Amino acid sequence: PWEPAPVGPLVLPGTYTATFARRVDGKLVPWGDPQSFDVVPLGAAELTAADREAIFAFAKATSRLRRAVLGATEILGEAKTRLDTLRKAIDETPGAPLALADEARALEARRRDLEIALTGDPVRRKYNEPVPPSIVDRVEQIVFGHWWTTSAPTATHRQAYDIAASEFEPLLGRI
C-alpha cells in the first residue's frame, strides 16, 4: 500500500484525448464521452520542441529497457520455482538417476549466476558490503532520477543507460 502507482515517462506537450470504458459481463463498454485536454510545459520554457523530443525519446528507450530487464527478472523467478519443483520430484523419485540431480543443480547454479548478474549479489548486500550497481539498479536509478523531471537526462543517466543496455544484451541471450 505504500508503493506509488505504476507510472511511465512524462508525455510531450500537446493535445490528448482520454476515453473511459468499464467492463460489463466481461466486455469493455464505452463510458461517457471522450475528453480532450492540453499538456503544457511546466517550468521548462527554455527547452525547444526538439529538446523535448530528445528527452522523450530517451525516456521511451529507458522504458523499453526497464520492461525487458524486469521481465527477465520475472522469468528467472519462475525458473527458480520450476527448478525447486523439479529437484523435489527427483529427490522423491526412487531410483532416479544421479545425473538428473546433478543436472538440476547445474541449472540452478546457472540461474543463480544470471540472477546475480541482473539484480546483484544479495549475500554481499545483506552484510552491507559494497557491490557494483546491477543492471536493475542502473535502470531504476534512471527511472527515479529522470522520469519525474522535465529537464534533460544527466550524463550519469545516459552513462547508466549505456552500461545497463550493453550488460543486459548478452545476458538476455543466456537467459
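Here are five short exercises on the structure above, each with a worked solution.

This is a predicted model, in which local features need pLDDT of at least 70, side-chain atom pairs count only at pLDDT 80 or more, and totals for chains, interfaces and linings use all residues. Residues are numbered from 1 along each chain as its sequence is written, and side-chain values use heavy atoms, with hydrogens and water left out.

**Exercise 1: the span of helix 4**

Work out what span helix 4 (residues 135-146) should have, and compare it with the model.

Step 1. Helices (H or I, at least four residues) and strands (E, at least two) are DSSP runs, numbered from the N terminus. Helix 4 has twelve residues.

Step 2. The expected span is 1.5 Å times one less than the number of residues, so helix 4 should span 16 Å.

Step 3. The end C-alpha atoms of helix 4 are 17 Å apart, which agrees.

**Exercise 2: the buried side of helix 4**

List the buried residues of helix 4, then find what covers them.

Step 1. Buried means under 20% relative accessible area, exposed over 50%, and partly exposed in between (1.4 Å probe, protein chains only). In helix 4 the buried residues are I135, V136, R138, V139, E140, I142, V143 and H146.

Step 2. A helpful rule: an α-helix has 3.6 residues a turn, so residues three or four places apart point the same way.

Step 3. The cover over these buried residues includes helix 1 (49-91), helix 2 (98-119) and helix 5 (155-174).

**Exercise 3: S134, just before the helix**

Describe where S134 lies, and decide whether S134 is buried or exposed.

Step 1. S134 belongs to the loop between helix 3 (122-126) and helix 4.

Step 2. With a relative accessible area of 4%, S134 is buried.

Step 3. Contact means heavy atoms within 4.5 Å. Leaving aside neighbours within four places in sequence, S134 touches L118, T119, G120 and R125.

Step 4. A polar atom of the S134 side chain lies 3.1 Å from the backbone nitrogen of D137. This fits the term polar contact (a pair of N or O atoms within 3.5 Å; within protein, one must be able to donate a hydrogen and the other to accept it, and residues adjacent in sequence count only if both atoms are side-chain atoms).

**Exercise 4: two positive phi angles**

Look at the phi angles of D25 and N128, and place both residues.

Step 1. Start from the rule: most residues other than glycine have a negative phi.

Step 2. D25 is not a glycine, yet its phi is positive, about 55°. D25 sits in the loop between strand 2 (21-24) and strand 3 (27-30), and its relative accessible area of 79% makes it exposed.

Step 3. N128 also is not a glycine and has a positive phi of about 55°. N128 is in the loop between helix 3 and helix 4, exposed at 71% relative accessible area.

**Exercise 5: F37 and its contacts**

Place F37, then say which residues it contacts.

Step 1. F37 is part of strand 4 (residues 35-39).

Step 2. Its relative accessible area is 40%, so F37 is partly exposed.

Step 3. Leaving aside neighbours within four places in sequence, F37 is in contact with G14, T15, Y16, T17 and A18.

Step 4. F37 and Y16 are 21 residues apart along the chain, and their C-alpha atoms are separated by 5.5 Å.
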